[in-house]
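Trainee: Got a minute to go through this one with me? I'd like to start with the loops, then move on to helix packing and cysteines.

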Amino acid sequence: MSDSKQLHVALIQMDITIGEPETNFIRLEKLLQDAVRNNPKPDVIVFPEMWNTGYALTEIQELADVNGERTKALLSGFAKANHVNIIGGSIAEKKEDRVLNTIYAFDREGMEVAEYSKIHLFRLMDEEKFLHSGDQLGQFELEGVPAGAMICYDIRFPELARKLALDGARILFVPAEWPHPRLHHWRTLLMARAIENQMYVVSCNRVGTSGTTSFFGHSMVIDPWGEVLVEGDETEAILHATIDLEEVVRVRAKIPVFEDRRPHLY
């Protein structure tokens, strides 16, 4: 990566077959290979929430990846072989008798640099009935730059994004399975998180249908001014954008939101 801290980002906006991990692993492996063929080659690849199983919650105990072993082997090996950072969407991960909705992130050497389990469970999809919430923040470094991770419903909690920003995050990764009819909420919340925290937001949503629920994609990369650098449509695609993490420093200097906070009043 150059001194300007430019990163080429690839978003794998994929369809997910509910309850069929084998199908989803095969699909993801193909899309990963397609992503690294891009010119410029991506520095970091991101994919959606619960890509291994979809929301097959009634079967999730049987379908979840035990300790994330299969997922970690695939993503670590691919990251090292292709010298690319991976924000591994999230998976249904089984730890003992609990299933969590977990992101794994890997650096270019295939080393795991982050593990974050979704802390806000979404009642409209019955997550709280089948999944356990995490209790740690998604904080890590990406090529020496502080970064944060949230999952889907998490973006409705501005205090979480603000905490990550106050701790230094310049880029926020958001894997999701965000459905119709709430496209307006998705776009507005992501842009708000970028503007109010003056950081890049890299969001990757799924497409396709699952039962009676349809997912609209519209994965986005948003800059610290709230400008959308790339946005998908409702079809499976690999989206690319180039971001300059020094822009975060410039924006925060121009409008010093963090210096002007008065937290003793609120």
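Trainee: Where is the place of Pro181?

Mentor: This is a predicted model, to begin with. Pro181 lies in the loop between strand 10 (171-176) and helix 6.

Trainee: And what joins His180 and Pro181?

Mentor: A cis peptide bond, with omega about 5 degrees. Most peptide bonds are trans. Asn39 and Pro40 are also joined by a cis peptide bond, and omega there is about 5 degrees. Pro40 sits in the loop between helix 1 and strand 2 (44-46).

Trainee: Back to helix 6. What is phi of Gln198 near?

Mentor: Near 50 degrees, a positive value in a residue other than glycine. Most residues other than glycine have a negative phi. Gln198 is in the loop between helix 6 and strand 11 (200-205).

Trainee: Is Gln198 buried or exposed?

Mentor: Buried, because its relative accessibility is 3%. His218 has a positive phi too, near 55 degrees. His218 is in the loop between strand 13 (213-216) and strand 14 (220-222). At 16% relative accessibility, His218 counts as buried.

Trainee: Switching to packing. At what angle do helix 5 and helix 6 pack?

Mentor: About 40 degrees, with the axes 10 Å apart. The two helices are therefore oblique to each other. Helix 5 passes helix 6 in a right-handed crossing.

Trainee: Which residues meet there, helix 5 against helix 6?

Mentor: Helix 5 brings Pro158, Ala161, Arg162 and Ala165, and helix 6 brings Arg193, Glu196 and Asn197. By class, that contact has three nonpolar, one polar and three charged residues.

Trainee: How about helix 1 and helix 3, what is their angle?

Mentor: About 10 degrees, and the axes are 12 Å apart. So helix 1 and helix 3 are roughly parallel. Their crossing is right-handed. Contact residues include Phe25, Leu28 and Leu32 of helix 1 and Leu74, Leu75 and Phe78 of helix 3. The class count for this contact is seven nonpolar, three polar and three charged.

Trainee: Last topic. How many disulfides does the count come to?

Mentor: Zero. Cys152 is in no disulfide, and the nearest cysteine sulfur, that of Cys204, is 12 Å away.

Trainee: Why is there no bond from the sulfur of Cys204 to the one in Cys152?

Mentor: Because 12 Å is too far for a bond. The cut-off for a disulfide is sulfur atoms within 2.5 Å.

Trainee: Is Cys204 buried or exposed?

Mentor: Cys204 is buried, at 0% relative accessibility. Cys152 also counts as buried, at 7%.

Methods
Residues are numbered from 1 along each chain as its sequence is written. This is a predicted model: local features need pLDDT of at least 70, side-chain atom pairs count only at pLDDT 80 or more; totals for chains, interfaces and linings use all residues. Side-chain values use heavy atoms; hydrogens and water are left out. Axes are lines fitted to C-alpha atoms, for helices over the stretch in contact, and angles run from 0 to 180 degrees between N-to-C directions. Helices (H or I, at least four residues) and strands (E, at least two) are DSSP runs, numbered from the N terminus. Angles under 35 degrees count as roughly parallel, over 145 as roughly antiparallel, 65 to 115 as roughly perpendicular and the rest as oblique. A crossing is left-handed if the near helix is turned anticlockwise from the far one by less than a right angle, and right-handed if clockwise. Contact means heavy atoms within 4.5 Å. Ala, Val, Leu, Ile, Met, Phe, Trp, Tyr, Cys and Pro count as nonpolar, Asp, Glu, Lys and Arg as charged, and the others, Gly among them, as polar. Buried means under 20% relative accessible area, exposed over 50%, partly exposed in between (1.4 Å probe, protein chains only).
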